[in-house]
Amino acid sequence: MESSGEAVSTLVDHVDPVVDAARAEPFESPERYAEVIEEIRSAAATYYGGSDLAMDDATYDALMARVTATEAAFPEWKAADSPTEVVAAGAAVVGDVVHSSPMLSLDNVFDEDGLRKWAARLDKLLGRPAGGYTVEPKIDGLAIAARYVDGVLTQVATRGDGRAGEDVTGQARRAAGLPERLGEPLTLEVRGEVFMTDDDFAKAQVMRTGTGEPPFAHPRSAAAGTLRAQDRTYDAPLSFLAYSVHGLDLGEPVAHSAAMAHMETLGVTTTTASPVGAVCATVDEIVAAVEVINTKRGSLGYGVDGAVIKADQPADRDAAGSSSRAPRWGVAYKFPADTRTTKLLRIDVQVGRTGVITPVAVLEAVQVGGVTVTSATLHNFGDLVRRNVWPGDTVFVRRAGDVIPEITGAKLDERPADAVAFEPPTHCPRCGGEIDRSQKRWRCTQGRACGARESLAYYAARDSMDIEGLGDKIIDLVVAAGLVTDPADLYDLDVEALVKLDRMGETSAGKLVANIAASTSQPLSRVLTGLGVRMTGRSMSRRLARHFGTMDALTTAGVEDLQQVEGVGPERAVTIHAELVDLAPVITKLRERGVNMAEPGVKEWTPGATEAAEENGTTDGGAPVLPLRKADGKPMTVVVTGSVPGLTRNEGNEAVELLGGKSSGSVSARTDLVVVGDGAGSKADKAESLGVRIMPADRFAELLAAHRAGDAATVAEILAVP
Ligand SMILES: NC(=O)c1ccc[n+]([C@@H]2O[C@H](COP(=O)([O-])OP(=O)(O)OC[C@H]3O[C@@H](n4cnc5c(N)ncnc54)[C@H](O)[C@@H]3O)[C@@H](O)[C@H]2O)c1
Ligand SMILES: [Zn+2]
């Protein structure tokens, strides 16, 4: 387990500062304050009352934070019916089932500091340390109260305005985890969250749009819409997790965690017993438990928008009490929202390696779940049409964990007047061929052959596997003859097959076969470049190869591990990961044909090696001593200018990285070394005038050779010369 301090600093980084009341700006005038209160109330009415959303949660929370900040700065402006004081922001919510006790909201914190302050305040209120806490996932659904009489489910109501809610007994009976009958004939009230899992949400979208209705913006609105539906022609599945129980008599007052454990034995699923629920004794333990929920958030299969921390002991709860809006013995630690709205700039059509044709959304950059997102999947063309998403629309973007973000729907009332519906392609945008539309996922009828020419040319290129003699004409011939559809097929070509092709003599065929065979010893970085992994180029391929050392290590690395490589953010990491999965069959074929899958001189990365390497000031998975490193272990910044004997320009940069340096194109005061070869121009002069160390290109070539040969003495000698 990571140390708690570190764990939470990752959370803090993700916080959108505007949602934290302590950091939010007050409004400039009482008029603006009053206006925003109205906006909040109307958004809350939509949010609690229907299957739609007026704004995303982050926007709502930011407005609410500013209202709170305004009320603190100008108490005289404060409205008597402020949304900060009441449940559901005081929105008029229908409902006539009166709750046995008010169903409250929760106060929010956004970082470790806020959490510690809350805990300190609770201790102060109690006059002693609290006797333990539960930490539970905050389920992003909607609150209900379910009454059991003699063990039979009799009535279910929504939270409503906290005092009374709407009767939703009919639909709620279908929620998994809320049994029709308890294991014992008890009379009690269970409260918890009704929600829709990610899988059920996908099913619900298909059912709903299939009946011609607009798609749900989010699983939460889908759950709300389904729960409150009167006469639906389809039945989307719902789930339930309980987070409190009232009227459970176990002889004496028991801890919240014990009461919930008992509910599990009666057949009710609970947040405390969920895989990420925890009982904690100290604030440090709470911090660690919150981090566990945050990291596992994406893999639970349902929406979790935070963690809820509660005093576990009934005596502590009684002593702390509640305000009109929220209890003082509990608090919500909010995570960054997993659904945001942004503008859909355009829709690109992508053709995958196997010929699958998909629409891809290009978005105005937006923070979702703490990560900047600029593109999202639209699944397939049928889905795109069904979801009624057009370029120019304001769309809901959802990111669940480490998966590629998706567009769940558009805000139709904000569609620009001049917007034009997206026209799906009539022909394959890559080869102009026919499209096979018989399945949901459209394909180019050329299949793998559609992209074969392009990917083979890329594989054979000088900066990739450098296969001389494999030019465009030959590629066209071998593809047309059906001999090659992916790079691995190249290694199966023989002279006999090649001479049958037009204009191919025995000698040139022999040479080509030899060149192809020679490429099997290229380093991993070249193989990666040749495979054309999306969102990576030559230098990123080198970085990946230097970090992981082998293809095995790279393909077993998770999305988090990939992010340890310089320049790999979450979005790129997800893409690289998905690409490697996509490429797995070709990689296996290449390996079977003897293609080298390791980077020379680099130790193989193993899970966990990243932290150790960071402590040593290197992130190269423990590579041997690298010549172009500074005293602190960081890479030297090196500029290569003019030609280095035996190397192309790209190979020069490649060599710098192989030697542990970072190659750069321009000389500045921060440059550590300039390699000067024939034809060097102004960069050499500039280096001289700045007093940057200069190394002649032939010395650099010797350094490279010595390093490759493992000749440490020569390396040291070359480096020692001033
Ligand atoms: N987008 C919008 O237009 C809009 C409008 C209104 C509200 N909202 C969202 O709703 C939030 C405020 O609403 P709120 O008061 O309903 O909810 P809240 O986020 O303040 O938290 C309280 C609720 O959390 C739920 N919960 C989930 N798991 C729980 C657990 N383990 N233990 C206890 N409670 C648990 C309960 O339903 C409880 O009522 C806002 O912060 C905003 O994000 C959005
Ligand atoms: Zn095609």
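Analyst: Before we start: helices (H or I, at least four residues) and strands (E, at least two) are DSSP runs, numbered from the N terminus. Also keep in mind that this is a predicted model.

User: Okay, so where is Ala88 found?

Analyst: Look just past helix α3, before you reach strand β1 (97–98). Ala88 isn't a glycine, yet its phi is positive, about 60 degrees. Its place in the chain is the loop between α3 and β1.

User: Is Ala88 buried or exposed?

Analyst: Let's count the other C-beta atoms within 10 Å of Ala88: there are 23. A residue needs 20 or more to pass as buried. So Ala88 is buried.

User: And Asp150, is that one buried or exposed?

Analyst: Asp150 sits in the loop between β4 (142–149) and β5 (152–158), and its phi is positive too, near 50 degrees. The cut-off for exposed is 12 or fewer C-beta neighbours. Asp150 has 11 of them inside 10 Å, so it counts as exposed.

User: How does Gly183 count, with its C-beta neighbours inside 10 Å?

Analyst: You'll find Gly183 in the loop between α5 (169–172) and β7 (188–195). It has 14 C-beta neighbours inside 10 Å. Buried takes 20 or more and exposed takes 12 or fewer, with a class in between. So Gly183 counts as partly exposed.

User: What separates the C-alpha atoms of Gly183 and Glu264?

Analyst: Along the chain these two are 81 residues apart. Gly183 is in contact with Thr265, Leu266 and Gly267, leaving aside its neighbours within four places in sequence. As for the C-alpha atoms of Gly183 and Glu264, their separation is 9.5 Å.

User: Now the ligand. Why does ligand 1 lie between two domains, and which ones?

Analyst: Check who supplies the shell around ligand 1: helices α2 (30–49) and α3 (57–73) and strand β3 (133–139) each give at least two residues. By class, that shell has 13 nonpolar, 2 polar and 7 charged residues. Both domains give residues to the shell, so ligand 1 lies between domain 1 (4–93) and domain 2 (98–334).

User: Which residues come nearest to ligand 1?

Analyst: There are 22 residues around ligand 1 to pick from. Two of the nearest, Asp57 and Ser105, also fall under the "binding site" annotation in the unreviewed UniProt entry. The full nearest set is Tyr47, Asp57, Ser105, Ala143 and Tyr243.

User: Where is Glu136 found, and is it buried or exposed?

Analyst: The unreviewed UniProt entry includes Glu136 in its "binding site" annotation. Beyond four places in sequence, its contacts include Tyr243, Thr271 and Ala307. Glu136 has 29 other C-beta atoms within 10 Å, so it is buried. Its home is strand β3.

User: What about Glu193, buried or exposed?

Analyst: Glu193 lies in strand β7 and, among others, touches Ala143 and Tyr243. It has 24 C-beta neighbours inside 10 Å, and so it counts as buried.

User: Last one: which helix gives the most to the largest nonpolar core?

Analyst: That core has 106 residues, and Ile144, Ala172 and Val397 are among those that touch the most other members. Another core, of 25 residues, lies apart from it, with Leu528 and Ala557 among its members. Back in the largest core, the top giver supplies 7 residues, and that's α2.

How values were computed. Residues numbered from 1 in each chain as written. Chains lettered and ligands numbered in written order. Predicted model: local features only at pLDDT ≥ 70, side-chain atom pairs only at ≥ 80, totals over all residues. Near = placed C-beta within 6 Å. Nonpolar A, V, L, I, M, F, W, Y, C, P; charged D, E, K, R; others polar. Domains from an automatic or database assignment. Core = buried A, V, L, I, M, F, W, Y, C linked by C-beta atoms within 7 Å. Contact = placed C-beta atoms within 7 Å. UniProt positions renumbered as here; feature names shortened; annotations may be inferred.
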